[in-house]
Amino acid sequence: MSTRGTVLHSHGPGEQLKADDVELTVGPGETLVEMRLAAVTPLDRSTLAGKQPRVPFVPGSEGTGVVVSSDVAAAGATVVVRGEGVGVTRQGVWGRYAVVPNAAVHALPSSLEPAAALALLTPALTAHTAVRRVADVQQGETVVVTGVTGLIGRMCAAIARAAGAARVIGLVSLDDAADSADSADGLVDQVVRVDGLGQVGRELPWCDAVIDTMGGPVTGGVLGHVSPGGRIAVLGYKAGEFTTIDLHKLVGRDLRLLPVNLQRTTLAPEAVGEALADIASVPWRADYDVVPANRIGDVLGRSSGRVLLDLTTLSAG
């Protein structure tokens, strides 16, 4: 099957993207997607800086759209596209249509709007990796999530629930306002406060795993509440880059201190769909800007904020 569509072509590092009409052919093991939105990610910016495998090249490593033809998804289904080298080692999704490997196509839960899902995808994958892969939370365990009022912390709590945790305890700073702590209601069974020295009260129960988004002295403080054989997955250090570890507790209880490093982690093909499914039952506030795809040059230099391209506006000329 083949179709014609407009794509954004890069012709080399530093050159302006150009909208061209091209012929797209679908081969075995591939899906044709009519694209609606695409994210502008750090990976896309890196690719545009000179890491295209060939020119002309279509960037775009994350997007959402509607399936036109596929062996793995129903025609008309709204999907998320990510992975399998899309936008990195093979043509990406910045176009009206994209031909992608079947394994890069992921179901979108009905409770998530496509734009919100795309804006939330990176933090969801971070939380999913921390909870499911690094901490390996199991059915029936007690899990502590530090910094549970932040987006990543709340996602970690939601994913711990989805993983089958029997109890989820949220750890929050003494500086957090009461209404901020209340935002974790429904995601945690108990909220416990921690001071700037990492001191937590006896009300923090023993736990099997800690998902630590705070770092600093909090890491050392919460270690004393981890049961023998337990683990701490560390993915943030907004409370400080340094901590003091009681080696007697670490060794004597056979605890594991595990870093969450997304740059050195190869995500399984199913991770995208699983991460979106894990957060689908919770309402999220997603911050993003949507710009017409033809105005991509206006936002490539933006260093903060999530930007989504409206690919339905893309036209050649």
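**Entry 1: helix α7**

I began with what helix α7 leans on. Its buried residues pack against β5 (78-82), β7 (105-107), α2 (114-134) and α3 (151-162). I note here that the model is a predicted one.

Next I listed the buried residues themselves. Within α7 (residues 271-279) they are A271, V272, A275, L276, D278 and I279. They sit on the same side of α7, because they cover an arc of only 160° around the axis. The general rule is that an α-helix has 3.6 residues a turn, so residues three or four places apart point the same way.

**Entry 2: the largest pocket**

How much space lies in the largest pocket? I read off about 1200 Å³. The lining of this pocket has 36 residues, and the closest to the centre are E62, R82, T122, L262 and L267.

Then I asked which elements give two or more residues to the lining. They are α1 (42-51) and α2. The largest share comes from α2, with six residues. I had already met α2 as a packing partner of the buried residues of α7.

I also sorted the lining of the largest pocket by residue class. It divides into 18 nonpolar, twelve polar and six charged residues.

**Entry 3: D20**

I moved on to D20, in strand β2 (residues 18-25). Is D20 buried or exposed? D20 counts as buried, because its relative accessibility is 14% and the cut-off for buried is under 20%.

I looked for a polar partner. The side chains of D20 and H9 are joined by a polar contact of 2.9 Å. H9 is also among the residues that D20 touches beyond four places in sequence. The others on that list are G5, T6, V7, H11 and A316.

**Entry 4: P205**

P205 is in the loop between β10 (190-194) and β11 (207-212). I checked its accessibility. The relative accessible area of P205 is 19%, so this proline is buried.

Which residues does P205 contact, leaving aside neighbours within four places in sequence? I found R167, I169, Q190 and H225. I took the C-alpha distance for one of these pairs. P205 and Q190 are 9.8 Å apart in space and 15 residues apart in sequence.

**Entry 5: backbone oddities**

I went looking for unusual backbone geometry. As a rule, most residues other than glycine have a negative phi, and most peptide bonds are trans.

The peptide bond between V55 and P56 is cis, with omega about -5°. I placed P56 in the loop between α1 and β4 (62-69).

E84 is not a glycine, yet its phi is positive, at about 60°. E84 is found in the loop between β5 and β6 (97-101). Its relative accessible area is 43%, so E84 is partly exposed.

D254 is another residue that is not a glycine but has a positive phi, here about 55°. D254 is in the loop between α6 (247-252) and β13 (256-259). With a relative accessible area of 54%, D254 is exposed; the cut-off for exposed is over 50%.

**Entry 6: V88**

I stayed with the loop between β5 and β6, where V88 has its place. V88 counts as partly exposed, because its relative accessibility is 28%.

I then listed its contacts, not counting residues up to four places away in sequence. V88 touches L43, K51, P53 and F57. I also checked V88 against S61. Their C-alpha atoms are 6.9 Å apart, with the two positions 27 residues apart in sequence numbering.

**Entry 7: A75**

My last stop was A75, in the loop between β4 and β5. Is A75 buried or exposed? It counts as exposed, because its relative accessibility is 62%.

What does A75 touch, not counting residues up to four places away in sequence? I found V67 and V68. I compared A75 with T31 as well. The two are 44 residues apart along the chain, and their C-alpha atoms are separated by 9.9 Å.

Conventions: Residues numbered from 1 in each chain as written. Predicted model: local features only at pLDDT ≥ 70, side-chain atom pairs only at ≥ 80, totals over all residues. Heavy atoms only, no water. Buried < 20%, exposed > 50% of the residue type's maximum accessible area, 1.4 Å probe, protein only. Helix = DSSP H or I, 4+ residues; strand = E, 2+ residues; numbered from the N terminus. Arc of directions from axis to C-beta. Contact = heavy atoms within 4.5 Å. 1 Å grid on protein atoms, 1.4 Å probe; cavity = no way out; pocket = protein on both sides within 12 Å on 5 of 7 lines; lining within 4 Å. Points joined across faces, edges and corners; volume = space filled by probe spheres on them. Nonpolar A, V, L, I, M, F, W, Y, C, P; charged D, E, K, R; others polar. Polar contact = N/O pair within 3.5 Å; in protein donor to acceptor, adjacent residues only side chain to side chain.
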